[in-house]
Amino acid sequence: MKESAKARRLKRHYRRNKSQGKMNLVSLMDIFTILVFFLMVNSSSDVQVLNQNNTIKLPDSTAQQPPGDVLALTVTDQDILVNGRLVVKRDAFQTFDGQVEPSLKQELDYQASRSSAPAPDAGRPITILADRELPYELLKKIMSTCVDAGYASISLAVNQRTEQGA
């Protein structure tokens with residue numbers, strides 16, 4: 001028996017729609033590959049790099065606690081920087097006669113006002129990156145200024161080294 005044109009059209013339509021159920025996995029595989037590489041790159045960095053300046057030689061320590069993501073105060077040979085921004089020249093800071101240097105305190109107050117988190121009872125946290133040969137008088141003056149500006153939780157950046165067993 002001969003099929004009518006309508007029956008042939010319905011059969012062709014049925015076959016065409018029946019094969020459309022397959023999913024194209026190529027784009028899905030591309031997305032998952034990009035996601036895997038993104039996760040591998042972002043989760044593999046356990047080390048936090050604070051010292052970008054090669055002129056600063058941090059002291060070595062066997063400290064186990066990793067540094068937090070806090071405000072960084074860097075003391076180089078010529079400058080004092082807060083989060084990479086020049087605040088005062090080191091020579092001018094050393095010649096200042098008092099314990100609390102006004103331009104550094106002003107910058108720390110500005111950084112505190114930008115922070116949305118409330119200040120903890122122990123004071124805001126700050127990390128000082130300075131050369132191991134930094135004179136104590138200069139470090140004391142920097143720390144006094146930090147405490148006066150409300151940054152009482154002071155950490156000193158160090159290079160972590162492994163303990164050598166006896």
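**Close-up views of a predicted model**

**View 1. Five strands build an open sheet, in the order 4-3-2-5-6, with mixed pairing.** Look for strand 4 (85-89) and strand 6 (153-156) at the edges, where each pairs on one side only. From one strand to the next, the twist averages 25°. Keep in mind that this is a predicted model. If sheets are new to you, it helps to know that their strands pair through backbone hydrogen bonds, either parallel or antiparallel.

**View 2. Here strand 2 and strand 5 pair in the parallel sense.** Strand 2 covers residues 71-75 and strand 5 covers residues 125-130, and five bridges link the two. To find your way along this pair, start at Thr74, which stands opposite Leu129 in strand 5.

**View 3. Strand 3 and strand 4 form a hairpin.** These two strands run antiparallel and are joined by four bridges. Which residue is the bridge partner of Leu81 in strand 4? The partner of Leu81 is Leu86. Two residues lie between the strands of the hairpin, and in this turn you can spot Asn83, with a positive phi of about 50°.

**View 4. Helix 4 lies across four strands of the model: strand 2, strand 3, strand 4 and strand 5.** The helix is made of residues 102-114, and strand 3 spans 79-82. Compare the directions of helix 4 and strand 4 here: helix 4 runs at about 155° to strand 4.

**View 5. Helix 4 meets helix 5 in a right-handed crossing.** Helix 5 takes in residues 136-148, and its axis comes within 9 Å of the axis of helix 4. How do the two axes cross, at what rough angle? They cross at roughly 40°, which makes helix 4 oblique to helix 5. On the helix 4 side, the contact is made by Leu104, Lys105 and Leu108, while helix 5 brings Thr145, Cys146 and Asp148.

**View 6. Lys141 lies over the face of Phe93.** The distance from Lys141 to the ring centre is 5.9 Å. What about rings paired with other rings? A search of the whole structure finds zero aromatic pairs.

Conventions: Residues numbered from 1 in each chain as written. Predicted model: local features only at pLDDT ≥ 70, side-chain atom pairs only at ≥ 80, totals over all residues. Heavy atoms only, no water. Pairing = 2+ DSSP bridges. Axes fitted to C-alpha atoms, helices over the stretch in contact; angles between N-to-C directions. Contact = heavy atoms within 4.5 Å. Phe/Tyr/Trp six-rings, centres within 6.5 Å; stacked < 30°, edge-to-face > 60°. Lys NZ or Arg CZ within 6 Å of the ring centre and 35° of its normal. Parallel < 35°, antiparallel > 145°, perpendicular 65-115°, else oblique. Left-handed = near helix turned anticlockwise from the far one by under 90°.
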